[in-house]
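This briefing goes through selected local environments and two ligand sites, grouped by topic for a reader who works from coordinates. Please keep the structure in view while reading the points that follow.

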Amino acid sequence: MTKAMTGARMVVQALKDQGVEVIFGYPGGAVLPIYDEIFQQNDIRHILVRHEQGAVHMAEGYARSTGKPGVVLVTSGPGATNAVTGLTDALLDSIPLVVLSGQVPTFMIGTDGFQEADTVGITRPCTKMNWLVKDTEKLSETIHQAFHVATQGRPGPVLIDIPKDVQFATGTYTPREKIKATHYQPKVKGDIDQITRLVEMMETAERPLFYTGGGVINSGPAASQLLREMVEATGFPITSTLMGLGSYPASGKAWLGMLGMHGLYEANLAMHGCDLMINVGARFDDRITGRIKDFSPHSKKAHIDIDPSSINKVIRVDVPIVGDVGHVLEDMLRLWKARGRKVNKEGLAKWWAQINEWRAVNCLDFKNSEKTIKPQYALQRLEALTKGMDRYITTEVGQHQMWAAQFLGFEDPNRWMTSGGLGTMGYGLPASIGVQVAHPDALVINVAGEASWLMNMQEMGTAMQFRTPVKQFILNNERLGMVRQWQELLHGERYSHSWSESLPDFVKLAEAFGCKGIKCSDPKDLDDAIMDMIRYPGPVIFDCLVEKHENCFPMIPSGKPHNEMLLGEDDTQGVIGAKGAVLV
Amino acid sequence: MSPLNIKKGSSSHSAYDLRDPNSPLEETHTLAVLVANESGVLARVIGLFSGRGYNIDSLTVAEVDHEGHRSRITIVTRGTPAVIEQIKAQLARMVPVHDVHDLTAEGPAVQRELALFKVAGKGESRIEALRLAEIFRANVVDSTLESFVFEITGTPEKIDAFGDLMRPLGLREMARTGVAALSRGA
Ligand SMILES: Cc1ncc(C[n+]2csc(CCOP(=O)(O)OP(=O)(O)O)c2C)c(N)n1
Ligand SMILES: [Mg+2]
């Protein structure tokens, strides 16, 4: 069923063929023919953003909360360059996106035409793959291939640059099922010999630990299910990176909490002390490993990852398993059961006793106050008041992000969207809109810092226009809190440009956008204020004035190993040496 | 096929290899990378090297299969064993890359490079240059009364050696193609 049509129509047709329901975009001269086609149909919803960066983060939020690829449409030149931060963010966090950009007509490429930019050149290092389509005949095939590449293997963002004349010209549309198979078919099944080796190690390990990451979530809900089954059956403890929260439930018995630079004491010490580390879809990021030389010195390490280049990149492992987390977990579980469900019971009992001692330290303890709202307290209350609800959380980047990861509990995958790899301030607000677009009836909360939130606050206009009742829960410390914390610990308390001055009145700002503003500064009022926010049927900007100089603990200072963690203010004197200070 | 998209048994330096990964010793490896012959692919491969701080000592590229739209990129690179492993894994996972071969690790390979040398001089040194060219089986492809252009093919080491000899004899300019390489045997 190949049909002749214009390139612009092909774009819309191909998106429909791919099952796309919504795209996030912003028009301009070089994409007018596509916008004309969008106007003439009703199957695909278009969300008009206020800035292209917002469009990409919205698509990320949409993708991470649904497991489907997010789709973005931007114009040439500035439209495309505005998308670059979002593309890089998606690349580092392995989020499947298909970004379509307009380009000047083919005969003008290279002439410095109006709104011409070398979009494929600029986006090459921040996409998994990109294409400049110069021939309408190749357009539909390229779009279908783009969806394949974005979603198969390790997911990631792809971009298709479409010159305006290619959009106007007529060509033959190739439907999705007629596309010839591409050679890009990453392997999903793990090597059974390696899996067997791992299972053997699991049977005898005295101090085993699951260290899981975003790969479990990317692999799909079945992978999380298998992981839960495996953890329950073996009784091994489990920790996760920032990106993997929710794959194992926070209420689960074996849950140690998040690990890493601001991870929990018990999780980090378990990483340091384990004798078998089973990395499932995580990538030994530097926020996790701390000083490489002293990283988990006594463990055998297994690493399951769909991307072979992640294996042995920073940490040498003993059992490398290249494959999709879901497939590998299935084989592992089957094999382990078939061999008699063996574990080292005695060792495990001792290991848990040790872990429970670490847990008793109660590392998230903080000094609460009757007068000011402590950010940790605000999140504890938010957690308590929203726990059983159909809830999705996004965050910005900074201290509030780390506190959210520590104090909110996630029972399911795809419920937690945060910028982990790139650490992009300005991610959370648009991401929350993208999530809400996908889940119109859910409670979607962006836990924000005031500074990050301002970076993409224009998207409140989008939230209003498309009636997405997103809740912006701003922990306002009037500081670039995370920067301030580092300056306190590393730069002799010289607070160079790390405070937020001339902040807007957030309640008035909410009114200006036409939504609801709430301000709260007294811990006694907090519960009622949070309930007001939840009950309000539209978008809310919640200005939660919190303690200004609170530090985020635990903290593993840069360049330190896991067992040299700071637990509170008393530990912080002169801890970070000159060597650590050069690290970020 | 191994997960690295390298033929089974073809590489003793795969991700499963347990040589001392922390060996500080740098090795030189010749990689043959088969890619889709599409615009931007070479830029993507080169961008990988510059973006991640890997070395390129030599790089050649040309279409080798017109029908199948395949180009072969031959890269000579340097790094510790761990870095070489990373380079191969990073190349292999790129969408337009069909195959990566580590010719250095896969057993004996032939390596050839073509170079042109312009040597100017008179009298004794001119005769000496011609004599050495004969020993090295270099061809004279251009000559004036005061200069020669020699064409020479061989391993990079042979070309280096020829260049060293020509330098005192009036070497003016040199152009090298970079290495082309194939594994020996069928
Ligand atoms: C786009 C961008 N610019 C700069 C930074 C560096 N940075 C990391 S956290 C932070 C401060 C964030 O302040 P705020 O949003 O108020 O959060 P807080 O730490 O106070 O909770 C900065 C500037 C960044 N992560 N992203
Ligand atoms: Mg702040």
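Leaving aside neighbours within four places in sequence, T60(B) is in contact with R72(B), I73(B), T74(B), T177(B), G178(B) and V179(B). The model is a predicted one, and the values given here are computed from it.

**T60(B) and its surroundings**

- T60(B) belongs to strand β2 of chain B, which spans residues 58-65, and with a relative accessible area of 15% T60(B) is buried, because the cut-off for that class is under 20%.
- One of the contact partners of T60(B), V179(B), also takes part through its backbone, since a polar atom of the T60(B) side chain lies 2.9 Å from the backbone oxygen of V179(B).

**Chain B as a whole**

- Chain B holds four helices and nine strands, and along the sequence these elements follow the pattern β-α-β-β-α-β-β-α-β-β-α-β-β.
- Of the 186 residues in chain B, 45% count as buried, while the chain exposes about 9500 Å², of which carbon and sulfur atoms supply 53%.
- Among the contacts in chain B with a separation of 6 or more, 73% are accounted for by residues 24 or more positions apart.

**The magnesium ion (ligand 2)**

- Which protein atoms serve as donors of the magnesium ion (ligand 2)? They are two OE atoms of E450(A), OD1 of N477(A) and the O atom of R479(A), lying 2.1 to 2.8 Å from the ion.
- The site of the magnesium ion has six donor atoms, and with angles of 50 to 173° among them it is classed as irregular; the reason is that six donors count as octahedral if opposite donors are over 155 degrees apart and all others between 65 and 115.
- Along the chain, the donors of the magnesium ion follow the spacing E-x26-N-x1-R, and the pair E450(A) and N477(A), 27 residues apart, links distant parts of the chain.
- E450(A) sits in helix α19 (residues 450-455) of chain A, whereas N477(A) sits in the loop between β18 (471-476) and α21 (481-490) of chain A.
- Both of these donor residues are buried, E450(A) with a relative accessible area of 1% and N477(A) with a relative accessible area of 8%.

**Ligand 1**

- Ligand 1 is surrounded by 17 residues, the closest being Q399(A), H400(A), G423(A), S452(A) and G481(A).
- Helices α17 (399-407), α19 and α21 of chain A each supply at least two residues of the shell around ligand 1, and the largest share, four residues, comes from α19(A).
- Backbone atoms contribute polar pairs to ligand 1: an oxygen atom of the ligand is 2.8 Å from a polar backbone atom of Q399(A), a nitrogen atom of the ligand is 2.8 Å from a polar backbone atom of G423(A), and an oxygen atom of the ligand is 3.1 Å from a polar backbone atom of A451(A).
- On its own, ligand 1 has 590 Å² of accessible area, and the protein covers 75% of this.

**Helix α12 of chain A**

- Why is helix α12 (residues 265-273) of chain A described as largely enclosed by the rest of the structure? Eight of its nine residues are buried, namely Y265(A), E266(A), A267(A), N268(A), L269(A), A270(A), M271(A) and H272(A).
- The cover over the buried residues of α12(A) includes the strands β9 (208-212), β10 (238-240), β11 (255-258) and β12 (276-280), together with the helices α13 (286-289) and α15 (345-360), of chain A.

**Two further positions in chain A**

- G213(A) is placed in the loop between β9 and α10 (214-219) of chain A, and at 0% relative accessibility G213(A) counts as buried.
- Not counting residues up to four places away in sequence, G213(A) touches T241(A), M243(A), G244(A), V280(A), G281(A) and A282(A); G213(A) and L242(A), 29 residues apart in sequence, are 7.4 Å apart in space, C-alpha to C-alpha.
- Is V584(A), found in the segment after α24 (578-581) of chain A, buried or exposed? V584(A) is exposed, with a relative accessible area of 71%, because the threshold for that class is over 50%.
- With residues up to four places away in sequence not counted, V584(A) touches M261(A), R287(A), W486(A) and S558(A), and V584(A) and P557(A), 27 residues apart in sequence, are 9.8 Å apart in space, C-alpha to C-alpha.

How values were computed
Residues numbered from 1 in each chain as written. Chains lettered and ligands numbered in written order. Predicted model: local features only at pLDDT ≥ 70, side-chain atom pairs only at ≥ 80, totals over all residues. Heavy atoms only, no water. Donors = N, O, S within 2.8 Å, 3.2 Å for Na, K, Ca; no water. Tetrahedral: all angles 85-135°; square planar, octahedral: opposite > 155°, others 65-115°. Buried < 20%, exposed > 50% of the residue type's maximum accessible area, 1.4 Å probe, protein only. Contact = heavy atoms within 4.5 Å. Near = heavy atom within 4 Å. Polar contact = N/O pair within 3.5 Å; in protein donor to acceptor, adjacent residues only side chain to side chain. Areas by Shrake-Rupley, 256 points an atom, 1.4 Å probe, with all protein chains shown as cover.
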